[in-house]
Amino acid sequence: MSETIEADVVIVGAGPVGLFAVFELGLLDVRCHLIDILDKPGGQCAELYPEKPIYDIPAFPIITGDGLTENLMAQIKPFDPTFHLGEQVNSIERLEDGSFRVTTDADKIFLTKVVVIAAGGGSFQPKRPPVPAIENFEGKSVFYSVRKMEAFRDHDILIVGGGDSALDWTLNLQPIAKSVTLMHRRDAFRAAPDSVNKMRALVESGDLKLVFGQVTGLEGEDGHISHAVITDNDDNEHKLPTTRLLPFFGLTMKLGPIANWGLNLHENLIKVDTEKFQTSEPGIFSIGDINWYPGKLKLILSGFHEAALMSQAASRIVFPDKKILFQYTTSSTSLQKKLGVA
């Protein structure tokens, strides 16, 4: 039997932008249900880099993905949102009264007045490097993200890549590892210049090894690497003692079922206006990395701004006869009561 749930707003995606949308909608008395394919809130921040520092969140000089998620969860606690985790939205259907029927692969049906798509880049998976039998080591000694830094302490780590993720984790893991080797195809990096300069300083001091080439094989037993086979740019092959391999070859982003929801797309992103961040379908909004408009910046703080404007428009759909008075949390007693601070 399908379970039917009535909701003011269904938010597809429980990453930072989806979570902040709960706060902005909550201030306007709009109750939210969130659906996410991951098994916990936080989106890519929690899944891919929970301990990685983030430096561009206003008022936080530095905060981790986990720390940001925890703070957002605390911020939205007064509004008691309902989470449906480990589920994927399969379809969105407009009903005769203008509302929507949202169905998931968990056999749930949501009847809602508004849908907010905050699904980041859609479904994502790391790109696997072309190394023979690498899948035999995945999850035990080959990892595509760092969830707990302690799992890498005192290991011989080989990090492969030339972008920000590779450089960031090279710098973050070097102090706790037995050894760290950074490998890239060439002596040119796409990472932030400051990170590249810090990496080169560690190489010069002898605290980090930098090699150019590619991994062409892995040696080990029962999923545990003992050596990585390296082929350098002169086609010379040698073995490098390795107990942890971190390949950072980027992510493959797929919209998945979202591509079939009848929305206008721009290069595989959802096109929205910049007044309400509404899609081509009235009542369906899109915020965060999954949307596109001229001048779009894929930053968390941009998604927060989009969530605030979206919420004003969405609340008018949920409460069409209600006069909405713009208020500040610093001075509004009614808002402070909702937050439990007055």
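Cys45 has a relative accessible area of 3%, which puts this residue among the buried ones. Keep in mind that the model is predicted. With that starting point, here are some exercises to work through with the structure open.

**Exercise 1. Cysteines**

Work out how many disulfides the structure holds, and why Cys45 is not in one.

*Solution.*
- Step 1: Recall what you're looking for. A disulfide is a covalent bond between the sulfur atoms of two cysteines.
- Step 2: Set the cut-off, which is a pair of cysteine sulfur atoms within 2.5 Å.
- Step 3: Check the distance. The closest cysteine sulfur to that of Cys45 belongs to Cys32 and lies 19 Å away, so the gap is too far for a bond.
- Step 4: Search everything. The whole structure turns up zero disulfides. Cys32, too, is in no disulfide, with the sulfur of Cys45 as its nearest cysteine sulfur at 19 Å.
- Step 5: Look at burial. Cys32 has 5% relative accessibility and therefore counts as buried. Cys45, at 3%, is buried as well.

**Exercise 2. The chain as a whole**

Describe the protein chain by its secondary structure, its span and its share of buried residues.

*Solution.*
- Step 1: Count the elements: you get seven helices and 20 strands.
- Step 2: Take the span of the C-alpha trace along its principal axes, about 75 × 45 × 35 Å.
- Step 3: Check burial. Of the 342 residues in the chain, 49% are buried.
- Step 4: Sort the contacts by separation along the chain. Taking contacts between residues at least 6 apart in sequence, 57% join residues at least 24 apart.

**Exercise 3. Helix H1 and its two partners**

Find how H1 packs with H3 and with H6, and which residues meet.

*Solution.*
- Step 1: Start with H1 (residues 16–26) and H3 (residues 65–76). Their axes come within 9 Å and cross at roughly 20°.
- Step 2: Name the arrangement. Angles under 35 degrees count as roughly parallel, so H1 and H3 are roughly parallel to each other. The crossing of H1 with H3 is left-handed.
- Step 3: List the residues. From H1 come Pro16, Leu19, Phe20, Val22 and Phe23, and these meet Leu68, Thr69, Leu72, Met73, Gln75 and Ile76 of H3. By class, this contact has nine nonpolar, two polar and no charged residues.
- Step 4: Move on to H6 (residues 300–318). H1 and H6 pack at about 35°, and their axes are 8 Å apart. Here H1 makes a right-handed crossing.
- Step 5: List the residues again. Pro16, Val17, Phe20, Ala21, Glu24 and Leu25 of H1 meet a set in H6 that includes Ile300, Phe304, Ala307 and Met310. The class count for H1 with H6 is eleven nonpolar, two polar and one charged.

**Exercise 4. H4 against H5**

Decide whether H4 is parallel or oblique to H5, and find where they touch.

*Solution.*
- Step 1: Get the geometry. H4 (residues 164–173) and H5 (residues 193–205) have axes 10 Å apart and an angle of about 45°.
- Step 2: Classify the angle, which makes H4 oblique to H5. H4 passes H5 in a left-handed crossing.
- Step 3: Find the contact. Leu167, Asp168 and Leu171 of H4 meet Ser195, Val196, Lys198, Met199 and Leu202 of H5. The residues in this contact are five nonpolar, one polar and two charged.
- Step 4: Stay in H4 for Thr170. With 0% relative accessibility, Thr170 is buried. Setting aside residues up to four places away in sequence, Thr170 touches Ile159, Val180, Leu182 and Leu208.

**Exercise 5. Two residues in strands**

Say whether Ile270 is buried or exposed, then do the same for Leu240.

*Solution.*
- Step 1: Locate Ile270, in strand S18 (residues 269–271). Its relative accessible area is 0%, so Ile270 is buried.
- Step 2: Look at the surroundings of Ile270. Beyond four places in sequence, its contacts include Ile117, Ile258, Leu265 and Trp292. Ile290, 20 residues away in sequence, sits 6.2 Å from Ile270, C-alpha to C-alpha.
- Step 3: Locate Leu240, in strand S14 (residues 237–241). At 10% relative accessible area, Leu240 is buried.
- Step 4: Look at the surroundings of Leu240. Again beyond four places, its contacts include Leu158, Thr181, Lys209 and Ile230. Asp156 is 84 residues from Leu240 along the chain, with 9.2 Å between their C-alpha atoms.

Conventions
Residues numbered from 1 in each chain as written. Predicted model: local features only at pLDDT ≥ 70, side-chain atom pairs only at ≥ 80, totals over all residues. Heavy atoms only, no water. Buried < 20%, exposed > 50% of the residue type's maximum accessible area, 1.4 Å probe, protein only. Axes fitted to C-alpha atoms, helices over the stretch in contact; angles between N-to-C directions. Helix = DSSP H or I, 4+ residues; strand = E, 2+ residues; numbered from the N terminus. Parallel < 35°, antiparallel > 145°, perpendicular 65-115°, else oblique. Left-handed = near helix turned anticlockwise from the far one by under 90°. Contact = heavy atoms within 4.5 Å. Nonpolar A, V, L, I, M, F, W, Y, C, P; charged D, E, K, R; others polar.
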